[in-house]
Amino acid sequence: MSRRDIAGLLIDVDGVLHIDGDPLPGAAQALQALRTRGIPFVLLTNTTIRTRRQLGQLLRDLGFPVADDDIVTAGAATAAYLRTHYPNQPTFLLVDGDVREEFAGIPLVEDDSARVVVFGGAGPAYSYDRVNRAFRLLLRGAAFIAMHRNLVWERRDGPALDTGAFLLGIEAAVGRQPHLVGKPSPDFFQAGLTRLGLPPERVAMVGDSLTADILPARELGMTGILVRTGRFRQRDLEQGQPDVLLDSIADLPAWLEHRSEQ
């Protein structure tokens, strides 16, 4: 596929632009090059530990030319889903990080009155008592929602277990699966496409996960650009192949330029 066929980009954040607050070399310059060339992009991220405002500020502090409106997070998408499908329902929110701002107007509770259980990003908030409370609420029939089901995420000190690792056990224990809001849900990718205002065949997805980013994007008709940073491991390629494999997002502007000349 040539550069002139790609009119916009969906770009993952964690592992592509930064790792646990440390910017990846050349990533900010790559986004600036896209801005200069007039190539629109949306940051499509399963980040759940920060609101869009918090994430936007972090990225700007790291030198990235982004606005809050450029960002679609799994946390914000989950809050929107709850407002539409479970309005005013008491909700037990299991997530690491303070994202309550995104859930404004949704009654968040910590007791047995919850009718909805939401799993967000894993971390110290996933204590035994809180995970067990979520389990018991689900057994009583509470709606089961997950912001994402990533198994691992990258921190400064190395890989860490994420939400998906806990969901596997919860699913087996309660005998049902959650409604998934974030990647690899097709609806989440569609939210990014809607923000771009482009059809999938004119868009490329840039990510560090073959299963969460690239393969589901390709199923929707997008070009899949996998980068060898963040969660990427060489063995990932045994599960499938991207359209493009780059060492990092720093190589993206040059690749786009090269393809435009073909």
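This is a guided tour of a predicted model, to be followed with the structure open in a viewer.

**The six-stranded sheet**

Begin by selecting the open sheet of six strands, which has the order E5-E4-E1-E12-E13-E14 and pairs in parallel fashion. Its edge strands are E5 and strand E14 (244-246), each of which pairs on one side only, and neighbouring strands of this sheet are turned by 20° against each other on average, direction ignored. Within the sheet, select strand E1 (residues 8-11) together with strand E12 (residues 203-207): these two run parallel and are joined by four bridges, and the bridge partner of Gly-8 in E12 is Val-203. Add H3 to the selection, and you will find that this helix packs on the sheet, where H3 touches E4 and E5 and has a direction that makes about 65° with that of E5.

**Arg-83 on H3**

Stay with helix H3 (residues 74-85) and pick out Arg-83, which is found in it. Is Arg-83 buried or exposed? It falls in between, being partly exposed with a relative accessible area of 40%. Leaving aside the neighbours within four places in sequence, Arg-83 is in contact with Glu-102, Phe-103, Ala-104 and Ile-106. If you then draw a C-alpha to C-alpha distance from Arg-83 to Arg-235, the two lie 40 Å apart in space, with their positions 152 residues apart in sequence.

**Helices H1 and H2**

Next, select helix H1 (residues 27-37) and colour its buried residues, which are Ala-27, Ala-28, Ala-30, Leu-31 and Leu-34. These residues lie on the same side of H1, because they cover an arc of only 160° around the axis. The face of H1 turned away from this buried side carries the exposed residues Gln-29 and Thr-36. Just beyond the helix, look at Gly-38, which follows H1 and has a positive phi, near 75°.

Move on to helix H2 (residues 52-61), in which the buried residues are Leu-55, Gly-56, Leu-58 and Leu-59. Here too the buried residues cover an arc of only 160° around the axis, which puts them on the same side of H2. An α-helix has 3.6 residues a turn, so residues three or four places apart point the same way. To see what covers the buried residues of H2, display strand E2 (18-19), strand E4 (41-45) and strand E5 (71-73), which are among the covering elements. H2 is followed by Gly-63, whose phi is positive, near 100°.

**The four-stranded sheet**

Now select the other sheet on this tour, an open sheet of four strands with the order E6-E7-E8-E11 and parallel pairing. Strand E6 (91-94) and strand E11 (179-180) are its edge strands, each pairing on one side only. Strand E8 (residues 143-146) runs parallel to E11 and is joined to that strand by two bridges, and in E11 the bridge partner of Ile-145 is His-179. Helix H5 (residues 163-174) packs on this sheet, where it touches strand E7 (116-119) and E8, and the direction of H5 makes about 160° with that of E8.

**The largest pocket**

Finish at the largest pocket, in which about 500 Å³ of space lies. Which of its 20 lining residues should be selected to find the centre? Leu-151, Val-152, Ser-209, Thr-211 and Arg-231 are the closest to the centre. Strand E9 (152-155), H5 and helix H7 (210-219) each supply at least two residues of the lining, and H7 gives the most, with three residues.

Terms used. Residues are numbered from 1 along each chain as its sequence is written. This is a predicted model: local features need pLDDT of at least 70, side-chain atom pairs count only at pLDDT 80 or more; totals for chains, interfaces and linings use all residues. Side-chain values use heavy atoms; hydrogens and water are left out. Buried means under 20% relative accessible area, exposed over 50%, partly exposed in between (1.4 Å probe, protein chains only). The arc is that of the directions from the helix axis to the C-beta atoms. Contact means heavy atoms within 4.5 Å. Two strands pair if DSSP finds at least two bridges between them. Axes are lines fitted to C-alpha atoms, for helices over the stretch in contact, and angles run from 0 to 180 degrees between N-to-C directions. On a 1 Å grid over the protein atoms alone, a cavity is a set of points where a 1.4 Å probe fits but cannot get out, and a pocket is an open set with protein on both sides within 12 Å along at least five of seven lines; lining residues have an atom within 4 Å of a point. Grid points are joined across faces, edges and corners, and a volume is the space filled by probe spheres set on the points.
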